[in-house]
2 protein chains.
Amino acid sequence: MSERRILEDDLGFLIARTSALLVKTTNRKLSSLGLKVRGYSALAAVCDEPDGITQRRLASDVGLDPSQIVALVDELESRDLVVRTTDPNDRRNKLILATDAGRELCGRARELTRDVSREHFVGADDDQLEALRDLLYRTTFNTSTT
Amino acid sequence: MSERRILEDDLGFLIARTSALLVKTTNRKLSSLGLKVRGYSALAAVCDEPDGITQRRLASDVGLDPSQIVALVDELESRDLVVRTTDPNDRRNKLILATDAGRELCGRARELTRDVSREHFVGADDDQLEALRDLLYRTTFNTSTT
């Protein structure tokens, strides 16, 4: 048994603290674009699907409740960053698509979030951050059931 | 510029999703001990200080507001897992100390949280998890100002 302090040894705790810090810093950084982390995540998920995305799928990708997603999409739509259209393959379905302005803003926000990560993980080289990204992507998206 | 999807490339997003999943799984696991992640973190931080810890320091270690900490300590105290005593070096100060029962429960909870991490990061070996722990500890605790 290691003599390390219990909290500092707890991977879940360290991840939660890191996440809370990154959200705080990222919100501050994104405020220059009128975005917060959640709105940016929703916008990024929409930009990731050039043919459009359903609200249900968007909620699942971002990891939020459908009710939370509606408010986020409403806000993005009111700023002309996304539009709701009818699915050409199923007219009962609504699809959300990014506008050119939405893609442009998403690109700028993406740069800012990368800056936040680089500044937070100062001292870690690109290989270490890539290994971290791969590990989190592989394990979290494989186990995610939302 | 990588062709990777924007969300999957975003380290902050991946960390937030991982954290949310781990909290959910850990809460489920700890419920067998009548604990949730926050209560366990507070108990662990108290156990980490055998000579006692002030409420202010506890809030800072765990990363919560002092008002949230009061409720957590009240609950731990009502279960005889911690006690509030007077600081022998400064009688105006209250110190929180773990009881034997608190230490015993904390040890059991610690095992469960380790199981959660191991199960979540399935496929990652001990060296990878140790590197992850070191990276998060070094960067998050160096930049934390709470």
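In chain A of this predicted model, residues 24 or more positions apart account for 48% of the contacts with a separation of 6 or more. The chain has 146 residues, of which 36% count as buried. Its C-alpha trace spans about 60 × 35 × 25 Å along the principal axes.

The secondary structure of chain A consists of seven helices and two strands. Read from the N terminus, these elements follow the order α-α-α-α-α-β-β-α-α, with the two strands placed between a run of five helices and a final pair of helices.

In chain B, helix α3 deserves attention. This helix covers residues 37-47, and ten of its eleven residues are buried, so α3(B) is largely enclosed by the rest of the structure. A residue is counted as buried here if 20 or more other C-beta atoms lie within 10 Å of its own. The residues of α3(B) that meet this criterion are V37(B), G39(B), Y40(B), S41(B), A42(B), L43(B), A44(B), A45(B), V46(B) and C47(B).

The two chains also touch one another: 48 residues of chain B are in contact with 48 residues of chain A. On the side of chain B that touches chain A, two or more residues come from each of the elements α1 (6-9), α2 (11-30), α3, α6 (100-120) and α7 (126-143) of chain B. Among these, α2(B) gives the most, with 14 residues. By residue class, the side of chain B that touches chain A comprises 24 nonpolar, 15 polar and nine charged residues. Helix α3(B) therefore appears in both parts of this account, as a largely enclosed helix and as one of the elements that contribute to the side of chain B touching chain A.

Note on methods: Residues numbered from 1 in each chain as written. Chains lettered and ligands numbered in written order. Predicted model: local features only at pLDDT ≥ 70, side-chain atom pairs only at ≥ 80, totals over all residues. Helix = DSSP H or I, 4+ residues; strand = E, 2+ residues; numbered from the N terminus. Buried ≥ 20, exposed ≤ 12 C-beta atoms within 10 Å, placed from the backbone. Contact = placed C-beta atoms within 7 Å. Nonpolar A, V, L, I, M, F, W, Y, C, P; charged D, E, K, R; others polar.
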